[in-house]
Structures are given as structure tokens and as C-alpha cells.
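I am opening a fresh page to keep track of what I look up here, one topic to an entry. I will write down each result as I find it.

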Amino acid sequence: MLRFLLRRILATVPVLVVVAVVVFLMLRLTPGDPAAVIAGDNATSEQIEQIRDSLGLTRPLAVQFGIWAGNLARGDLGESFFFKMPVSALIAQRLEPTIALAFTTILLAVLVSVPLGVLAAWRRGGWLDRGLMAFSTLGFSIPVFVLGYMLIWLVSLKLGWLPVQGYRRLADGFGPFIRHLILPSITLSVIYVALIARVTRAAVSEALTEDFVRTARAKGLRETRVLIRHALANAAIPIVTVIGIGIALLIGGVVVTESVYAIPGLGRLTVDAVLARDFPTIQAVILFFSVAYVLINLLIDLSYVVLDPRIRY
Amino acid sequence: MAGPLADPGLPALDAPATIWRRLSGNLSVAVAGGVLTVLAGVSLLAPVLGTIDPGLLDPVNRDLLPGASAEVLSLTGESTAHTFWMGSDSYGRDIYSRVLYGGRVSLLVGAVVATLSVAAGMAIGLVSGFVRWLDGLVMRVMDGLMAIPGILLAIALVSLWRASLLTVIVAITIPEIPRVTRLVRSLVLSIREEPYIEAALAVGTRTAPLLVRHVLPNTLAPLIVQATYIAASAILVESILSFLGVGLPTDVPTWGNIMAEGRLQFNQYPHNVFFPGVLLALTVLAVNLLGDGLRDTLDPKFNKRGVRPA
């Protein structure tokens, strides 16, 4: 068991190394002087020289990577020339809205998609099943920002039920906080619901054909208990796995959703940084999102041991 | 970008006549194929479908509502009557014309990205599946690339290269390659256990001809399905890049650019966002349906779980 945990944790190391190398090389393989690119369009020649020095840009690529990775390990992600502050502080500042949005989205998506997926599997080929599959195909196809604007138009502008855009911090009160998150979370959760519902339906359908389900029914258990305690519990691993893999979709969606709803989070920061060609910030945000994605999936893999007592490594 | 994945369990393609009969009998393939043919036809025939120059600025005709008629002054000074079926934007450009021309970009990007990423993924996957000592390294690199959310990688690459049609296409292609590579590799690993591969090896076939003649044809069915899903995802990502202002230059008519321009006065004139948005959703839906239909028809034995693991 301990060996499995250790092996799984160690397996993320090469992934993180490749991510770091890709993010590092991205800038070095760009035509032009990396120091000038990092310093930004309005930098003086002294500033460019200073960056060239501090990153060792005249030295071999491997040494440069060493310096860069060393800084990274100390939490030094560089300096944003657009926002005039350390990138790590910038990320910390923008973290709350993104975590709030991601959390409410995942919560909403799971609460909607898992029950629907179970019911669809229970009555395969029924109207709910066909409706859910159609919704799922549609959910994969409708662009996040198109859906976002349609919801703003209908719910905020026509009906006036919710604020149009913006974000309120949790510290400013729970009411306004959640009211500003409802539409963004719904928008972002659609593709996630589409994904999780499909996998739930498939996994539960498969579990329902197992002998233990027949046994459970034969001994007279109520159908809800058969569905939840026997079918769903045995379908937990693929569902939890897809929630983890779907985080990648979610991160892409966060970038778009925050732009549509004017939420000052990490996604909005990414777009601002790209528009300002602020490369230290772009690099740092990509690293941050990728590492978060890898670590969440690591945690999910480790949770299999808890979810399925049959797994013994 | 994470999205649907073709099932690696699809077998080789059957004879063309059989495939065609099955495809034309499948409802989603027929409907999606029809919709896509119309979309492609309309965007290619845009010049003769009552459009005007999609880049023509005309301040007098700005912010027209859908269906409004007005005189349009061309660059050469001629004045013609024109109906703005989908209204105009805040520069007086005709949305209908821009939407039709924008379709060209979306369809082109979808087709080219699908082709390029499948070609690259196929090459890397074949080598990885057959040259064992390279396999570990290649797959670690692919795992690492897959850990970077696709849209973010595409955004970063475009921002480094300055956007053009070529850089946008390459930037969208790169994040798609790892999943194709994985699919091809897993197919190769199962195919290489087949008796006919053993037979080919026994009679002394060298690796390159073996890959091209015996392995590659057997990877086609699942790859065609995968390519279709990639096309859908690429169309979405291109429109997202444009919409965020990091894609093709804003004067190029793309659906994302039209929406990016229209969002500024969305409260008063939602049509600038709605028309391209609906067409975009329709196009992606048609491509996804085509993928579902292909998946079901290329292998009738495939159990219709309806699941496309991400």
C-alpha cells in the first residue's frame, strides 16, 4: 500500500519535469531575443541587460534551465513587467475568484450530472436517457462564451434576476458573492455535466448488469438502495476519474468564462497577460494551472484506495 | 484540449462499398453531413450570395438592426442598396457577409488541424509503438504535454508567435497531438500481436514497409473518428482564441472576432453575438454528430455505451 502511494507520487515527477521544460523552452525557442521578450515592449536596454544577466541568457541552455528551475523551486516566478509586481504575488491576488468559480462549478456539475446519469442508466433508452444523451452532445458543442452571453441576455438583461457581470469577494457577504457566481458556474458546468453524466450512465449501466445487483434485488432491497449503495458505489472510480480529467476542460473554460463575466481571476489574468505580451506572467500561470491539474489527479488516484476497499496494492 | 476520444477497439475498415452503404444509412452521419455540406457550400459561395466586402467600413450604417436596408458606399464610390439581414456592427460592417466569410476560417481550421494532428500523432505513435527503446521517453513527453490544459498551451503559443492563420493552426494542433499519439500507440501495441504481423516478420518484411502496409491501414477507422472530434474541438478553440482577442487579427472575419467586436455593446445589440454564436454551435454540433455517426458505423460491433472517455 505504502509502496503504491510512493510509486504513484513519484510517477508525477517526470510529468512535472516535462511541463517545466516545455514552459521553459516555449520562450527560448521563439525567434528574437528572449531577454527583450521577457522585459516587454517598453523596457530600456539596461533592463534588458539586467534580465540577460540574472537569467544567464548568454550561457548554455541547460545552465539557463538550471537557473530558471532553481528560482522556480524557491517560489520565484519572476517579475511581471505589466503589473509591476512579483508574479507569485499576482497569482495569490487572483486566486480567490478562480477557486470560488471552480468549486461552485464542480459542486453544481456533480450534483446535477451524477443523479441524472444514474437515472438514465436505470431506465436505459427511456425519455430521460435519450434527453440526457442529446443534452450531452449539445453540451460538448456549444461554446462556453456563446452560452454565457445567451444566459446574460436572458437571465440578467431580459428577466433582471441576476447581476450582469462582475465579482464580489466572499468577505463582502455571502449573498452578493453567490449571486455573482450563479450564472458563471452554470455556464461553465454545462460541458462538465455533459462529460460526467455520460460516464456515470455508462459506469452505472455496467454495474447494473453485475450479479451482485441481481442478488441485491433478489433479497428484496429497495430499488433506490440497489442503485445507490450497490450500482453507484461500484461505479465510483470511473466517475471520480473523469471528474479529475475534466479539470483540464474546466481550466480552459475558466479562462473564457472569467472573460465573459468580467471576473478578476487567474483566467482573466492569463488573457490580460497575453494581450500585454507579459511573458513571465504567461509562463507562471500555465505552470500554475498545469501543476494544479497534475496534483488534483494525483489526489484522485490516491483516493481510489479509499473509494474501493477491494484495491490492495 | 480534452474532449471525446475515439475507442481504440475499432477494427480495420471494410470494403468501400460496404462502408458507404452503412454510412448513408446512419441518421447522424446523413444529417451532420448534410448540414456541413451546406455550411461549406455557403461559405465557399459567399461572394455570390448577396454579400458585400466583409471588411467594408461604413460609419453611416453602423449598428443597424437585422433586416435593415441601407445604401452602401463602396470603396470605389458606388452606392448600392443592400439589406443587412443580420444587422451591422459598430463599424458599419455587414454581419451577414462577415458570418459567411467567417465560416471559411472555421471550416478550414477544423479540417487542417484534424489532418495535421492525426498525421503527426500517427507518425509519432507508430514509431513509439514499434521502437521500444524510444517508447518510454516519447510517452513521458506526451504525458507532460497532456498535463498542460490545451487552450492555455494554444494561447501561449499564439502569443509568442504573433497570430496568423498558420500560427493559429499550429498552436491548436500541438496540444491535440499527444492524444492521437496515445491512441495510435495503443492500437499498434495490440496490432503487433496479430498473427499477420508475425507472418510478415517471418518472411523478412522490414520495419518501415511493415508499418506502412500492415499496421497503418488497421489504425484508420479509429483515427478517422478521432480526427472528426479533433476538428470539432479545433473549431471551438479557434473561435475562443479570436474571441479572447489573441487569435487571428481582428480585421479578419472569423466567428470569434465578430463576437469579440459585438460583445462591447451586447446590451443594446445582441445580434452581433447571436448570429455567429448560433452558427458556431451548429457547426461544432454537426461535426460532433458526424463523429458519433462514424464511430457507430465504422464498427457495427462496437457496443453503444455512448461514452467517449476524455
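Entry 1, a helix crossing. I began with H8(A) and H10(A), and I found that H8(A) passes H10(A) in a right-handed crossing; the model is a predicted one. I read that two packed helices are described by the angle between their axes and the distance between the axes. For helix H8 (residues 174–208) of chain A and helix H10 (residues 223–234) of chain A, I noted an angle of about 115° and axes 7 Å apart. I then looked up which residues make this contact: H8(A) brings A:Val204, A:Ala207 and A:Leu208, while H10(A) brings A:Ala231, A:Leu232 and A:Asn234. By type, I listed five nonpolar residues, one polar and no charged in this contact.

Entry 2, chain A as a whole. I noted 13 helices and two strands in chain A, and I wrote down that its C-alpha atoms fill a box of roughly 80 × 55 × 35 Å along the principal axes. Of the 313 residues of chain A, 41% count as buried. Looking at contacts in chain A with a separation of 6 or more, I found that 71% of them are between residues 24 or more positions apart.

Entry 3, the nonpolar core. Which residues have the most contacts inside the largest nonpolar core? I found A:Ile196 and B:Leu152, in a core of 166 residues. H8(A), which I had already met in the crossing with H10(A), gives this core its largest share, 18 residues. Setting aside residues up to four places away in sequence, I listed what A:Ile196 touches: A:Ala109, A:Val110, A:Ser113, A:Val114, A:Gly117, A:Ile239, A:Val242, A:Ile243 and A:Gly246.

Entry 4, chain B as a whole. Chain B has 11 helices and two strands, and I copied its order along the sequence as α-α-β-β-α-α-α-α-α-α-α-α-α. Of its 310 residues, I noted 49% as buried. Among contacts in chain B between residues at least 6 apart in sequence, 73% join residues at least 24 apart.

Entry 5, where the chains meet. I found 44 residues of chain B in contact with 45 residues of chain A. On the chain B side, the elements giving two or more residues are helix H4 (132–146), helix H5 (150–161), helix H9 (220–244) and helix H11 (271–298), and the largest share, nine residues, comes from H11(B). I sorted the residues of this side by type and wrote down 30 nonpolar, 10 polar and four charged.

Entry 6, helix H4 of chain B. H4(B) has 15 residues and reaches 21 Å from its first C-alpha to its last, which is close to the 21 Å expected at 1.5 Å a residue. I listed its buried residues as B:Met142, B:Gly144, B:Leu145 and B:Met146, and I noted that their cover includes helix H1 (2–28) of chain A together with helix H6 (165–191) of chain B.

Entry 7, one residue of H11(B). I located B:Thr297 in helix H11 of chain B. Is B:Thr297 buried or exposed? I count it as buried because it has 21 C-beta neighbours inside 10 Å, where the cut-off is 20 or more. Leaving aside neighbours within four places in sequence, B:Thr297 is in contact with B:Arg22, B:Leu23, B:Asn26 and B:Val29. I also noted that B:Thr297 and B:Leu264 are 33 residues apart in sequence and 44 Å apart in space, C-alpha to C-alpha.

Methods:
Residues numbered from 1 in each chain as written. Chains lettered and ligands numbered in written order. Predicted model: local features only at pLDDT ≥ 70, side-chain atom pairs only at ≥ 80, totals over all residues. Buried ≥ 20, exposed ≤ 12 C-beta atoms within 10 Å, placed from the backbone. Contact = placed C-beta atoms within 7 Å. Axes fitted to C-alpha atoms, helices over the stretch in contact; angles between N-to-C directions. Left-handed = near helix turned anticlockwise from the far one by under 90°. Nonpolar A, V, L, I, M, F, W, Y, C, P; charged D, E, K, R; others polar. Core = buried A, V, L, I, M, F, W, Y, C linked by C-beta atoms within 7 Å. Expected span 1.5 Å × (residues − 1).
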